[in-house]
Amino acid sequence: MLRILIISLSLLLASTSALAQAYYRWVDDDGEVHYGQMVPPEFKDYGYVRLGPDGTVRERVEPALSPEEIAERRRQRAEEAEREAERRSQASRDRLLTATFSSEQNLMDGMEMQLAGIESQRTSTRTALGLMDRRFETLVARAAPYSRKGTAVPADLSEAVDETRAELRRLRGELERLKQREAETREQFMADLERYRELTGSENDG
């Protein structure tokens with residue numbers, strides 16, 4: 001009886017030792033190779049290798065899925081990961097939205113404040129544009145006699161015309177960008193308002 005017990009304990013210790021020393025090599029959804037003491041359940045169907053302490057292969061488990069099935073499973077997991085990331089991102093945006101605004105009116109006040117800032121920039125840009133327009137007209141008027149005489153416009157005057165023309169283009173472009181920014185701001189706040197109502201169950205709480 002004692003002999004049987006000793007043999008059983010020896011086998012148990014040997015088995016425990018073998019398990020402790022074993023480690024595995026597997027591939028994840030991105031095709032990256034990993035090593036560890038256990039294969040994550042979600043990657044077992046891709047096949048894996050059990051290695052001995054010296055790094056030699058002790059067991060090779062073939063994939064339970066075909067290459068097409070593996071590709072499909074990876075695609076599904078990637079989509080699920082993307083959906084989960086979007087859910088977390090939305091939850092984060094929701095927390096920020098309700099923490100930032102205490103009411104619908106507070107949200108609308110925030111929009112009006114941003115639009116006022118945009119309008120202020122637009123006013124400044126239009127003023128600068130008007131000044132540049134007048135400068136451009138003056139420079140062109142100075143350059144006109146040279147052109148009528150068929151002589152070259154002085155280099156400094158020609159350079160000033162080019163620089164002013166470029167500044168006019170930049171200012172007009174800035175007005176377009178402000179217009180686009182205003183539209184995006186309104187759109188974003190309207191979307192935020194709709195979401196705020198969904199989250200709080202409020203509407204026109206003034």
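This note goes through the predicted model point by point, from the overall layout to single residues.

1. **Overall layout.** The chain holds four helices and four strands, and when it is followed from the N terminus the elements come in the order α-β-β-β-β-α-α-α. Of the 206 residues in the chain, 22% are buried, and the accessible surface amounts to about 14,600 Å², with 53% of that area belonging to carbon and sulfur atoms. Among the contacts with a separation of 6 or more, 55% join residues that are 24 or more positions apart.

2. **The sheet.** The four strands make an open sheet whose order is E2-E1-E3-E4, with antiparallel pairing. Strand E2 (33-36) and strand E4 (57-61) are the edge strands, each of them pairing on one side only. From one strand to the next, the twist averages 20°.

3. **The hairpin of E3 and E4.** Strand E3, which covers residues 48-51, pairs with E4 in the antiparallel sense over four bridges, and Leu51 has Val57 in E4 as its bridge partner. Five residues lie between the two strands of this hairpin, and Gly55 takes a positive phi near 85° there.

4. **The course of helix H3.** Does the length of H3 agree or disagree with the span expected of a helix? At 1.5 Å a residue, its 46 residues should span 68 Å, and because the end C-alpha atoms are 67 Å apart, the two values agree. The helix nevertheless bends by about 30° at Ala143, and a proline, Pro145, follows within four residues. Just after H3 comes Gly150, which takes a positive phi of about 75°.

5. **The buried residues of H3.** A student tracing H3 will find a series of buried residues, including Leu107, Met111, Leu115, Ile118, Arg122, Thr125 and Leu129. A general point helps in reading such a list: an α-helix has 3.6 residues a turn, so residues three or four places apart point the same way. The buried residues of H3 pack against H2 and H4.

6. **Leu129 in H3.** Leu129 lies in helix H3, which runs over residues 104-149. Its relative accessible area is 12%, and because buried means under 20%, Leu129 counts as buried. Which residues does Leu129 contact, leaving aside its neighbours within four places in sequence? They are Leu168, Leu171, Arg172 and Leu175. One of these, Arg172, is 43 residues from Leu129 in sequence, yet the C-alpha atoms of the pair are 7.5 Å apart in space.

7. **Thr164 in H4.** Thr164 belongs to helix H4, which is made of residues 155-200. Is Thr164 buried or exposed? With a relative accessible area of 3%, Thr164 is buried. When residues up to four places away in sequence are not counted, Thr164 touches Met132, Arg135, Phe136 and Leu139; of these, Leu139 appears among the buried residues of H3.

8. **Asp94 in H2.** Asp94 has its place in helix H2, which takes in residues 67-100. Asp94 is also buried, since its relative accessible area is 11%. Apart from its neighbours within four places in sequence, Asp94 is in contact with Arg195 and Leu199.

Notes: Residues are numbered from 1 along each chain as its sequence is written. This is a predicted model: local features need pLDDT of at least 70, side-chain atom pairs count only at pLDDT 80 or more; totals for chains, interfaces and linings use all residues. Side-chain values use heavy atoms; hydrogens and water are left out. Two strands pair if DSSP finds at least two bridges between them. Axes are lines fitted to C-alpha atoms, for helices over the stretch in contact, and angles run from 0 to 180 degrees between N-to-C directions. Buried means under 20% relative accessible area, exposed over 50%, partly exposed in between (1.4 Å probe, protein chains only). Contact means heavy atoms within 4.5 Å. Accessible areas come from the Shrake-Rupley method with a 1.4 Å probe; for residues, only the protein chains shown count as cover. The expected span of a helix is 1.5 Å times one less than its number of residues. The bend at a residue is the angle between axes fitted to the seven residues ending there and the seven starting there.
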